[in-house]
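Biologist: I'd like a close look at just one part of this one: how the helices pack. Take your time and walk me through it.

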Amino acid sequence: MLLRIHRSLGVTVWMTTVLRLIWRKTNAELPPFPEGMSQLHRALVQISEYCLYALLVIQPTIGFGAVLTRGRSFTLFWGHMPPLVPHYPTVEAVLFSLHRVGAWALGLLITAHAVNALVHHFIIRDNTLARMAPVLGTERGIGELALERGDSQTSFGR
Ligand code: HEM
């Protein structure tokens with residue numbers, strides 16, 4: 001039962017990520033990087049973002065491949081999948097090892113991503129979290145940011 005939920009959630013993660021990538025390529029408006037951000041910082045942020053997307057696609061694919069190469073039927077969502085390929089014990093073992101490594105890598109990246117967003121919001125106190133998730137509605141106005149930082153004037157001289 002738990003594995004059925006695990007597999008179904010994993011496939012859902014895969015589909016959601018693919019839809020997100022299609023949306024991102026066709027419709028999404030990505031906010032520009034803040035002006036003062038160094039090239040190195042920008043590159044690191046982009047690399048970590050691409051790695052996250054890659055793992056969100058690769059990890060479920062590997063899990064699915066591992067289950068397929070067991071050569072047995074398995075449950076997925078509300079249905080039953082018949083054995084679609086023969087049993088390949090070596091491939092199965094390699095894929096499950098990769099699945100374990102991928103889970104650690106994904107866990108580390110997601111934690112780093114979340115910690116960075118929280119550091120920006122609560123310690124650096126800038127708009128990064130609002131730019132990452134506008135739906136949260138946490139955007140801070142320039143005046144509010146300036147007041148929190150103790151500036152007497154904003155860049156608009158108010
Ligand atoms: C984001 C997606 C996924 C993540 C983060 C993930 C993570 C994990 C983790 C942490 C384990 C335990 C590994 C261990 O220490 O043994 C595991 C096991 C497993 N995963 Fe996934 N998984 C994902 C997607 C999938 C998918 C899509 C499938 C299959 C359709 C799948 C099938 C399995 C199976 C069958 C096991 C049990 C392996 C065993 O029998 O030891 N996973 N997964």
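Modeller: Helices here are DSSP runs of H or I with at least four residues, strands are runs of E with at least two, and both are numbered from the N terminus. Keep in mind that the model is predicted, so local features need pLDDT of at least 70, side-chain atom pairs count only at pLDDT 80 or more, and totals for chains, interfaces and linings take in all residues. Residue numbers start from 1 along each chain as its sequence is written.

First, the parts list. The protein has five helices and two strands, and from the N terminus they run α-α-β-β-α-α-α. I'll stick mostly with α2 (39-68), since its packing partners include α1 and α3.

Start with the α3 side. The axes of α2 and α3 (lines fitted to C-alpha atoms over the stretch in contact, with angles from 0 to 180 degrees between N-to-C directions) come within 9 Å and cross at roughly 150°. That makes the pair roughly antiparallel, because angles over 145 degrees get that label, under 35 being roughly parallel, 65 to 115 roughly perpendicular and the rest oblique. As for who touches whom (C-beta atoms, placed from the backbone, within 7 Å), α2 brings residues including S48, C51, L55, I62 and A66. Across from them, α3 offers L95, F96, H99, A103, L106 and H113, among others.

Now flip to the α1 side. α1 and α2 pack at about 140°, with their axes 9 Å apart, so this pair counts as oblique. Here R7, G10, V11, V13, W14, T17, V18 and L21 of α1 meet Y53, L56, V57, P60, T61, G63 and V67 of α2. G63 is a nice one to click on: it belongs to the contact with α1, and it turns up in the contact with α3 as well.

I58 is worth a stop too. It sits in helix α2, is one of the residues that meet α3, and has its C-alpha 8.2 Å from that of W14, although the two are 44 residues apart in sequence. I58 counts as partly exposed, with 18 C-beta neighbours inside 10 Å; buried takes 20 or more and exposed 12 or fewer, with C-beta atoms placed from the backbone. Overall, buried residues make up 8% of the 158 residues in the protein. Among contacts between residues at least 6 apart in sequence, 51% join residues at least 24 apart.

Then there's the ligand. It is surrounded by 16 residues (C-beta atom, placed from the backbone, within 6 Å), and R7, G10, P60, G63 and A103 are the closest. α1 (2-26), α2 and α3 (89-124) each supply at least two residues of that shell, with α1 giving the most, six. Look again at R7, G10, P60 and G63: they are also part of the contact between α1 and α2, while A103 belongs to the contact of α3 with α2.

Last, two backbone oddities in the loops. R125, in the loop between α3 and α4 (128-132), has a positive phi of about 60° although it isn't a glycine; with 14 C-beta neighbours inside 10 Å, R125 is partly exposed. F77 lies in the loop between β1 (74-76) and β2 (79-81), with a positive phi near 50° in a residue other than glycine. F77 is partly exposed too, with 13 other C-beta atoms within 10 Å.

Definitions and conventions. Two residues are in contact if their C-beta atoms, placed from the backbone, lie within 7 Å.
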